[in-house]
Amino acid sequence: MTNKEIQVTIPQTVEPVYSNMIQIAYKEDEFTFMFLHQIPGINQARGKAIVTLSPTHAKSLLTVLEKTVGEYEEKFRSLDTTQPHDNNVTMRGYS
């Protein structure tokens, strides 16, 4: 596999969003990531972005995230994933 540089253009209308919660759903041909923002102390979350990927791209995302988080931990600090994170909700499967 070779790395190829591509030129990325981000339109000025695309605004960054902050998400502290995610729901993930999947079916045979796609994974859907629903990025949410939950305000502390309120039992509600607001949808910020929805991204749908093919299963192959979802697996590639997993690989890139594992590599990138590993690099982050080497540079800054190890992340503790043993504590439960109530603000991360996962939905499994949908039709």
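Let's start with one residue, Thr-32. Thr-32 sits in strand 2. A quick caution before we go on: this is a predicted model.

Is Thr-32 buried or exposed? Thr-32 has a relative accessible area of 9%, so it counts as buried, the limit being under 20%. Now look across to the neighbouring strand. Opposite Thr-32, in strand 3, stands Thr-52. The two side chains also touch. Thr-32 and Thr-52 make a polar contact, side chain to side chain, at 3.3 Å.

Now let's zoom out. The protein has 3 strands and 1 helix. Read from the N terminus, the order of elements is β-β-β-α. So much for the parts list; next comes the sheet.

The 3 strands form an open sheet in the order 1-2-3, and the pairing is antiparallel. Which strands are at the edges? They are strand 1, residues 21-27, and strand 3, residues 45-53. Each of these edge strands pairs on one side only. On average, neighbouring strands in this sheet are turned by 20° against each other, ignoring direction. What holds strands together in general? Strands of a sheet pair through backbone hydrogen bonds, and the pairing can be parallel or antiparallel.

Take the strand pairs one at a time. Strand 1 and strand 2 run antiparallel, and 7 bridges join them. For a landmark, find Ile-22. Ile-22 stands opposite Phe-35 in strand 2. The link from strand 1 to strand 2 is a hairpin, and that hairpin goes through 2 residues.

Next, strand 2 and strand 3. Strand 2 covers residues 30-38. How many bridges join strand 2 to strand 3? There are 8, and these strands run antiparallel. You have already met one facing pair here, Thr-32 and Thr-52. Here is another: His-37 stands opposite Arg-46 in strand 3. Strands 2 and 3 also form a hairpin, with 6 residues between them. Look for Gly-41 in that turn. Gly-41 has a positive phi of about 85°.

On to charges. Side chains of opposite charge can pair when their charged atoms come close. How many salt bridges are there in this model? The count comes to 2.

The first on my list links Lys-27 and Glu-30. Their side chains meet at 3.8 Å, nitrogen to oxygen. Lys-27 has 34% relative accessibility, so it counts as partly exposed.

The other salt bridge links Lys-67 and Glu-71. The N to O distance there is 3.5 Å. Both residues belong to helix 1, which covers residues 55-75. Lys-67 and Glu-71 are 4 residues apart, so about one helical turn separates them. How accessible are the partners? Lys-67 is exposed, at 58% relative accessibility. Glu-71 is partly exposed, at 42%.

Now the rings. Searching the whole structure gives 2 aromatic pairs. One of them is Tyr-72 with Phe-76, and this pair is tilted. The ring centres are 4.9 Å apart, with 45° between the planes. Why does that count as tilted? Stacked needs under 30 degrees and edge-to-face needs over 60, so 45° falls into the remaining class. Tyr-72 is partly exposed, with a relative accessible area of 32%. Phe-76 is exposed, at 54%.

Last, two numbers for the whole protein. Of its 95 residues, 13% count as buried. Thr-32 is a buried residue. Then the contacts. Consider those with a separation of 6 or more. Of these, 39% are between residues 24 or more positions apart.

To recap: an open antiparallel sheet of 3 strands, the helix after the strands, 2 salt bridges and 2 aromatic pairs. Back on screen, start again from Thr-32 in strand 2, then step across to Thr-52 in strand 3.

Note on methods
Residues numbered from 1 in each chain as written. Predicted model: local features only at pLDDT ≥ 70, side-chain atom pairs only at ≥ 80, totals over all residues. Heavy atoms only, no water. Pairing = 2+ DSSP bridges. Axes fitted to C-alpha atoms, helices over the stretch in contact; angles between N-to-C directions. Buried < 20%, exposed > 50% of the residue type's maximum accessible area, 1.4 Å probe, protein only. Polar contact = N/O pair within 3.5 Å; in protein donor to acceptor, adjacent residues only side chain to side chain. Salt bridge = Lys/Arg side-chain N within 4 Å of Asp/Glu carboxyl O. Phe/Tyr/Trp six-rings, centres within 6.5 Å; stacked < 30°, edge-to-face > 60°. Contact = heavy atoms within 4.5 Å.
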